[in-house]
Every structure is written in C-alpha cells, then in structure tokens.
Amino acid sequence: MSVQLQAGPPKGEEVKEPSMLKQKALIAENYEKLTGARESGRKVASTYVPGNLNELILCFDMLNNLPEINAIQNGMRKKSGAMILEAEKRGHSEDVCTYVKADIGMMAKGNIAPNGKPMPDPDLLLLSYTGCFTFMKWFELLRDEYGCETVMLHIPYEGDGRVTPNMREYVVKQLREEVIPALERVSGVKFDIDRLREHLRNSAAAEDDFVWVLQSAKNVPSPIDAYFGGVFYIGPIFTAFRGTGEAVEYYRVLRGEIAARLARGKGPVTPEGEMGEEKYRLVVEGPPNWTHFRDFWKMFYEEGAVVVASTYTKVGGVYDFGFRHDPDHPLETLADYCLGCYTNLNLPQRVEMIETYMNEYRADGFLINSIKSCNSFSAGQLLMMREIEDRTGKPAAFVESDLVDPRYFSKANIKNRLESYFQMIDQKRQGAASAAA
Ligand code: SF4
C-alpha cells in the first residue's frame, strides 16, 4: 500500500492514489491507440457507455471510442463550453443533451482527442439502445457525418419492471444476426465464442471487486465517496477496459486501497485532501456536473458530507444486486447486462433501488442533482423525491446543473441550497433526538 495513504496527504493537496494513476495511464494509452488506429490498422467502433458491448468489441481486435467519455474529458478540461456554442451555431437547440452538442462541436473543431491528436473517423457506429432516445438521434447525426456502417441493438425497456425470456431471446437474436455479423464484416475477424468467454471471465472478476468497493460505503465512516469518488471507480468497468486483464488488476489494486482505508477507519480521499469527520451520509441521484466537478465536490467536503450510494454509478451496469457477466452463457449474459442498465429501468424500480440504498447505507438524506439536458435521468425526479421522503422519513433536496455546459452551473445557488439542506438534516436529527428523549 502506498506511503501516501499511511502518512495521510496534506490538507488541500490533491491526492493521487496508485489506482488513480493506473486509470490515468489506461485512459491515456487508449487515446494513443485510438488516435494511432490508422497507422496500426485497428478498426474503431463508436458506442455508448450504457449497454456497451466491450467484451464483444475486444473479440474483433477493435478499439472502443465512447463519445460520452470524450464529452466528459472536454468538460473537465473546460473545453466543452466552446464546443457546445459551435454546435448551437450549427442549429442544435439549447435543450439538446450537452454530451451530443459537445461531441458535434468537437467534430466541427477538428475532432481533436485529449492527447492533442485527431481522432480517426469510426468504422462502425454500434448503438446499444438502452432507454434513452437521444442515443438514437445522436448516432443518426454521426451516421450522416461519417457515412460508416451503423448497427443498432434494440433493448426492450423494462416497462413492467422485469426481464422476460422473450426479451432476452430478442436481444440474443439481434446479437447473433445483426451485431456479430456487422463486427465480422467491419473488422475482417471471425467471431470466436471462447474468446468472448475469456473476456467475460475477466469482467466478472473485476465486477466482484468493484461491488466490494461500492459496498464498503455501508461502513460508518464510509471509506469512499460513492458519487464523486465513484465516477473514478466506474471508469474502467464502464468503458473500454471491461473484460481486460488491466481492468481486473485495476479493481484488485483499488480494493486493496479501500480495504486499507477501512482498516484505519479513514474517510474518502478528496481532491482537497482527506475527508475529516463524516457528518452527513447521502444518497445521490443523477449525473454529476463535469465543468465544475471539483468545486461541486468541495461543497460536500467542506460540510463533511459523504455520498454513500449513487444511481449514476449504475448507469453503465447494475452489479450490486447480484448481476455478473457469465462466461457460461455468453450472449444471454450480454443481453441481461444491457436490459439491466439503470437508464433501462422504470421509475418504480429506480425508487426501490434508492430506497434500498437509503436503508442499507444508513443515509441521512437523499439529494437529486437534476441535469437540465438529460431527460433520461430527469423525467420523474420530483416524484421520486417525494416517494423517497414518504418511504424513509428522511429529508430530500433538489439542485440543478448540467453535464458539460458551464452556463448551467450556478455555484452560489447550489452552495446556498446545500447549506440549507444540511441545516434541515440537523433539525430533523434534533427533532428525532428530542422525541426519543
Ligand atoms: S440524455 Fe442523458 S442518458 Fe441520454 S445521452 Fe444524454 S446524458 Fe446520456
């Protein structure tokens, strides 16, 4: 374990744990591979985070480019604002998901990857349609732009809150008859199901350690922040690394780091330094804001607020209720994975999930970060908030921001709301204490 963890980082100094450095290296290497794809002869599939078929893509020696991740990277580097304006200049409305506009704007500005080199045009647009209509419209725009082969895996919505055998078979049939033939055609590589099994075995191993990390937040104090820290923990498993030996190694190292923090009774590591006393335990719904990610996290850090569970860390796969990729049923397991993504769950399922988190993670409150341009998450959030308050008796609150559009992050507003919310939690606690006395 690192000396850094044993000694404790100085206050205010950004901490880089070995797992973070490992992840940074993985991402950098992937961008090098992507931007070098034309020289190396590797084919590139563009696809989305929810429902991504990384294990399958790996079977065809293809590289995986995720436009949402490019938008996040540009958001965190404060470059997305100009890209969004560029897309709006080209006629894309203010209400459109800002990941889409950041992507379109990035393309218009030369499609430069975070490593400063131009991205190659994709050879295949691989759309797993998991509950968000924007995914479809987005790839229609890209298809017009690139004119490359496009294949869609249609995932039936869990409208009744369950997966039927028919739904699973429908997805498997598309994998067999549409998706795999398209991947074979584009890559020139023949499908080998044993190769897929091997990648799925790696996925399951990484998923075990990932879930252990998420569930470590049931401890008091929690050794992790499952929202702000959580977005780093989901990185490899939700993107181009699930199914690889590198991801297995990353989660093994991460688990070791968290286990060491837990053993010492430490709270999460934040960019401002180690979290002091854990005063509030929260469950958070909705994606984070990326353009002011550090400012946003700092507001929680300063109040001693730790997020113990979040729905956003389930957007690229829900693993903490038992699902694991299963090498013995390779295509069926890919179908189950896609069907179970958070964006494909109905509102009652989402409410149940949040209620479970509130209880099992002993949360003091429920907070929604409502994203202006993400309809997939935002629809029904007020209803969810009321329902969680009714079911748990814990106070809930609502703040608003955006994904990668810096115009919609009002620092003073959000800070004010959070401060009043923490006061509300204090009052509830005092009320409960006096009632018990
Ligand atoms: S609307 Fe939301 S879920 Fe859909 S692509 Fe945009 S961010 Fe993702």
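A crossing of two helices is called right-handed if the near helix is turned clockwise from the far one by less than a right angle, and left-handed if it is turned anticlockwise. In this predicted model, the crossing of helices H14 and H19 is right-handed. The axes of H14, which spans residues 293–303, and H19, which spans residues 411–436, come within 11 Å and cross at roughly 25 degrees. Because angles under 35 degrees count as roughly parallel, H14 is roughly parallel to H19. On the side of H14 the contact is made by Asp 295, Phe 296, Met 299, Phe 300, Glu 302 and Glu 303, and on the side of H19 by Lys 411, Ile 414, Lys 415, Leu 418, Glu 419 and Phe 422. Sorted by class, these residues comprise 6 nonpolar and 6 charged ones, with no polar residue in the contact.

Two of the H14 residues in this contact, Phe 296 and Phe 300, lead on to the interior of the model. The largest nonpolar core has 123 residues, and those that touch the most other members are Leu 56, Tyr 99, Phe 296, Phe 300 and Tyr 312. Helix H9, residues 165–187, gives the most to this core, contributing 9 residues. Once neighbours within four places in sequence are left aside, Phe 296 is in contact with Ile 414 and Leu 418, and also with Tyr 227, Phe 228, Asn 289, Asn 369, Val 399 and Phe 409. Apart from the largest core lies another, made of 9 residues, among them Tyr 31, Ala 37, Leu 63 and Met 83. In soluble globular proteins, nonpolar side chains tend to be buried together.

A second helix pair offers a counterpart to the first. The axes of H2, residues 18–35, and H13, residues 245–263, come within 9 Å and cross at roughly 160 degrees, and H2 and H13 are therefore roughly antiparallel to each other. H2 passes H13 in a left-handed crossing. Here the contact is made by Pro 18, Ser 19, Lys 22, Gln 23 and Leu 26 from H2, together with Glu 246, Glu 249, Tyr 250, Val 253, Leu 254 and Glu 257 from H13. By class, the residues of this contact divide into 5 nonpolar, 2 polar and 4 charged.

Pro 18, one of the contributors from H2, has a relative accessibility of 32% and so counts as partly exposed. Its C-alpha atom is separated by 37 Å from that of Ile 180, with the two residues 162 apart along the chain.

Methods: Residues numbered from 1 in each chain as written. Predicted model: local features only at pLDDT ≥ 70, side-chain atom pairs only at ≥ 80, totals over all residues. Heavy atoms only, no water. Axes fitted to C-alpha atoms, helices over the stretch in contact; angles between N-to-C directions. Helix = DSSP H or I, 4+ residues; strand = E, 2+ residues; numbered from the N terminus. Parallel < 35°, antiparallel > 145°, perpendicular 65-115°, else oblique. Contact = heavy atoms within 4.5 Å. Nonpolar A, V, L, I, M, F, W, Y, C, P; charged D, E, K, R; others polar. Core = buried A, V, L, I, M, F, W, Y, C linked by side-chain atoms within 4.5 Å. Buried < 20%, exposed > 50% of the residue type's maximum accessible area, 1.4 Å probe, protein only.
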